[in-house]
Each structure stands twice: as C-alpha cells, then as structure tokens.
Amino acid sequence: MSSNKPHYEAEPDEIVKRDSQRWTFRPRGFNIIWGHDERYWNLPKKGTDDPAELVQVCWLELTGTTKDSLPEGKYEIKFKLEVKPGAFGLSNSPIFMMAKVGKRGRYKWNKIKLQEKNSDNRTAIVEPTFQIDVKGTADDNKLYFGLYEVWTGKWKGGLLIHGATVDPVTS
C-alpha cells in the first residue's frame with residue numbers, strides 16, 4: 001500500500017523502543033505522503049510531543065514500521081488522534097487502520113469512524129485500536145501499519161496525529 005518514495009520519511013529516533021515488545025511512535029516517526037508540503041501538513045519540531053496536523057489532503061497515507069522484529073504474540077496498535085473544530089471530509093471518508101507482519105505479509109484492516117463535530121463543537125480526541133497476531137515462524141516479524149484513505153479522492157483536513165503505540169495484549 002505504501003508508495004516507494006514517501007514525501008516525508010520517518011526519522012528513526014522518533015520511534016522509541018520501550019522494551020522488546022513495546023514501541024511508541026511520535027508524529028515524525030511516520031512516513032507521511034505529502035508531509036514535506038506545508039499546504040498539506042504541519043509537522044512538529046523534532047523531539048517534541050506536539051502533534052502533526054493534517055491541513056488538507058485528498059490522499060491520506062501515514063505509515064510506521066517497528067525497527068526490529070516482534071516476538072510471537074498478539075499486539076495492539078493504538079493511534080491518538082484529535083479532530084479539530086472545523087475539520088472537513090473525515091466523517092464521509094472510509095479511513096482505515098491497516099497492519100501486516102513482515103514486508104511480504106498480508107494486510108489486515110479495520111475501518112474507523114471519525115466525527116467532524118461533537119455536540120459542543122470542541123475538539124474530539126479518539127484512540128482507535130487494532131489487534132494483530134505475530135507468528136514466531138517468519139524471518140521478518142517487523143510490524144508495518146498505518147492510517148489510509150486513498151480511495152475517494154475527496155479532500156479532508158483538521159486532523160491532529162499525536163502518535164501511536166504498539167503494545168502486547170495480555171490475557
């Protein structure tokens with residue numbers, strides 16, 4: 001799903017490995033299509049916890065990859081997103097969280113719903129999650145995941161991306 005040359009390439013030091021199974025992705029730790037163009041994205045300063053702001057795009061593709069293979073188990077990917085007042089095109093677009101294990105793995109996906117307005121017109125923080133199983137049999141157990149809306153060609157904007165986490169699921 002990812003383009004060969006993303007417009008903004010993830011900075012490896014913005015992907016924090018908390019231990020062998022836990023990862024935190026700051027906004028600059030993602031590959032972002034159109035990310036270098038300020039007409040479309042406002043990226044935070046390096047090393048800060050400020051969000052990346054989607055100003056306007058018709059092609060949403062934001063992807064992350066763990067630096068190392070993950071041990072066998074079930075993992076939860078969680079994005080922290082914020083819908084700003086005045087956001088547009090988000091509630092009418094099919095936005096998907098997608099993930100696969102290994103470069104040659106098959107994507108699994110989950111459609112997420114983002115509301116542009118809430119009852120009091122404040123920003124709405126959402127934390128969509130997605131779970132994926134990692135088998136111990138593959139040579140490449142890196143996790144490839146992202147947010148996508150590339151099908152409609154409709155403009156969307158007003159979304160803040162605070163980051164994402166990858167954590168093991170404990171029973």
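Leaving aside its neighbours within four places in sequence, which residues is Asn-141 in contact with? In this predicted model, the residues that Asn-141 touches beyond that sequence window are Asp-68, Ser-69, Leu-70, Val-101, Val-134, Lys-135 and Gly-136. To see where these contacts sit, it helps to begin with the whole chain and then return to single residues.

The secondary structure of the protein consists of 13 strands and 0 helices, so that, read from the N terminus on, the order of elements is β-β-β-β-β-β-β-β-β-β-β-β-β. A compact globule with 171 residues would have a radius of gyration near 16 Å, and because the protein has 16 Å, the value agrees with that expectation. The C-alpha trace, taken along its principal axes, spans about 45 × 30 × 30 Å.

The contacts and the surface can be described next. Of the contacts in the protein with a separation of 6 or more, 74% are accounted for by residues 24 or more positions apart, and buried residues make up 44% of the 171 residues. The protein exposes about 9,200 Å², of which carbon and sulfur atoms supply 46%. As for charge, the protein has 27 positive and 23 negative charges, and the mean positions of these two sets are 4 Å apart.

Against this background, Asn-141 can be placed in the loop between strand E11, residues 129-134, and strand E12, residues 143-149. Although Asn-141 lies in a loop, its relative accessible area is 5%, and because buried means under 20%, Asn-141 counts as buried. The side chain of Asn-141 also reaches the backbone oxygen of Lys-135, at 2.7 Å, and Lys-135 is itself among the residues in contact with Asn-141.

A second residue, Ala-52, offers a view from within a strand, since its place is in strand E5, which covers residues 52-54. Its relative accessibility is 1%, and because this is under the 20% limit, Ala-52 counts as buried. Not counting residues up to four places away in sequence, Ala-52 touches Pro-27, Trp-41, Asn-42, Leu-43, Pro-44, Leu-159, Leu-160 and Ile-161. In addition, Ala-52 and Arg-28 are 24 residues apart in sequence, while their C-alpha atoms are 7.8 Å apart in space.

Taken together, the two residues show burial in two settings: Asn-141 is buried at 5% in the loop between E11 and E12, whereas Ala-52 is buried at 1% in strand E5.

Terms used
Residues are numbered from 1 along each chain as its sequence is written. This is a predicted model: local features need pLDDT of at least 70, side-chain atom pairs count only at pLDDT 80 or more; totals for chains, interfaces and linings use all residues. Side-chain values use heavy atoms; hydrogens and water are left out. Helices (H or I, at least four residues) and strands (E, at least two) are DSSP runs, numbered from the N terminus. Buried means under 20% relative accessible area, exposed over 50%, partly exposed in between (1.4 Å probe, protein chains only). A polar contact is a pair of N or O atoms within 3.5 Å; within protein, one must be able to donate a hydrogen and the other to accept it, and residues adjacent in sequence count only if both atoms are side-chain atoms. Contact means heavy atoms within 4.5 Å. The radius of gyration is taken over C-alpha atoms; the globule rule is 2.2 Å times the number of residues to the power 0.38. Accessible areas come from the Shrake-Rupley method with a 1.4 Å probe; for residues, only the protein chains shown count as cover. Lys and Arg count as positive and Asp and Glu as negative; His and the chain ends are not counted. The place of a charge is taken as NZ of Lys, CZ of Arg, CG of Asp or CD of Glu.
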